[in-house]
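The following account leads the reader through a structure, beginning with its strands and proceeding to its interior.

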Amino acid sequence: MEEESSNGYVVNQPRRIVHNWALYNSETRLISLELLPMMRPTDETIFGAGLLAEDDGSSWFCLDGSDISTQSHDCKGIPIYLNQIKEWMIEYDSSMVSISIRTNVAW
């Protein structure tokens with residue numbers, strides 16, 4: 001059973017990694033990542049698709065092309081369509097980007 005904290009976040013929800021992913025709206029039009037930081041989850045219903053894998057804590061996308069990145073074009077995973085995205089969080093610094101999304105099922 002899921003439990004919500006006082007700030008509305010679901011605690012003890014599993015974390016998964018989705019590789020080679022895309023976000024789209026209810027009309028199956030792709031959502032631009034440039035617009036995502038300016039959108040609110042209530043602006044539009046957003047869904048996602050990609051390859052689902054377990055989160056071992058080492059998957060990051062590296063902007064400078066260095067060997068730190070574990071992302072590759074040959075990612076293994078299960079093809080999946082995500083249900084409605086409830087919220088997202090974008091974290092970045094000078095060389096790395098992380099986009100976390102939450103559905104009813106997982107982060």
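**Sheet and core**

In this predicted model, strand E4, which spans residues 46-54, runs antiparallel to E6 and is joined to that strand by five bridges. One of the residues involved is glycine 48, whose bridge partner in E6 is leucine 82.

These strands belong to a wider arrangement: an open sheet of three strands in the order E3-E4-E6, paired in antiparallel fashion. Strand E3 (16-25) and strand E6 (78-82) each have a single partner strand and stand at the edges, so one side of each is left without a neighbour in the sheet. From one strand to the next, the twist averages 20°. Strands of a sheet pair through backbone hydrogen bonds, either parallel or antiparallel.

Attention may now turn to the interior. The largest nonpolar core comprises nine residues, namely Leu23, Ile31, Leu36, Met39, Ile46, Leu82, Ile85, Trp88 and Ile101. In soluble globular proteins, nonpolar side chains tend to be buried together. Leucine 82, the bridge partner of glycine 48, is thus met again as a member of this core. Isoleucine 46 is another member; leaving aside residues up to four places away in sequence, isoleucine 46 touches Leu23, Tyr24, Ile31, Leu36, Met39, Asn83, Gln84, Ile85 and Trp88.

A further strand, E8 (residues 96-102), contains serine 100. Is serine 100 buried or exposed? Its relative accessible area is 12%, and because the limit for a buried residue is under 20%, serine 100 counts as buried. With residues up to four places away in sequence not counted, serine 100 touches Glu87, Trp88, Met89 and Trp107. Of these contacts, Trp88 is also listed in the largest nonpolar core.

How values were computed. Residues numbered from 1 in each chain as written. Predicted model: local features only at pLDDT ≥ 70, side-chain atom pairs only at ≥ 80, totals over all residues. Heavy atoms only, no water. Core = buried A, V, L, I, M, F, W, Y, C linked by side-chain atoms within 4.5 Å. Buried < 20%, exposed > 50% of the residue type's maximum accessible area, 1.4 Å probe, protein only. Contact = heavy atoms within 4.5 Å. Pairing = 2+ DSSP bridges. Helix = DSSP H or I, 4+ residues; strand = E, 2+ residues; numbered from the N terminus. Axes fitted to C-alpha atoms, helices over the stretch in contact; angles between N-to-C directions.
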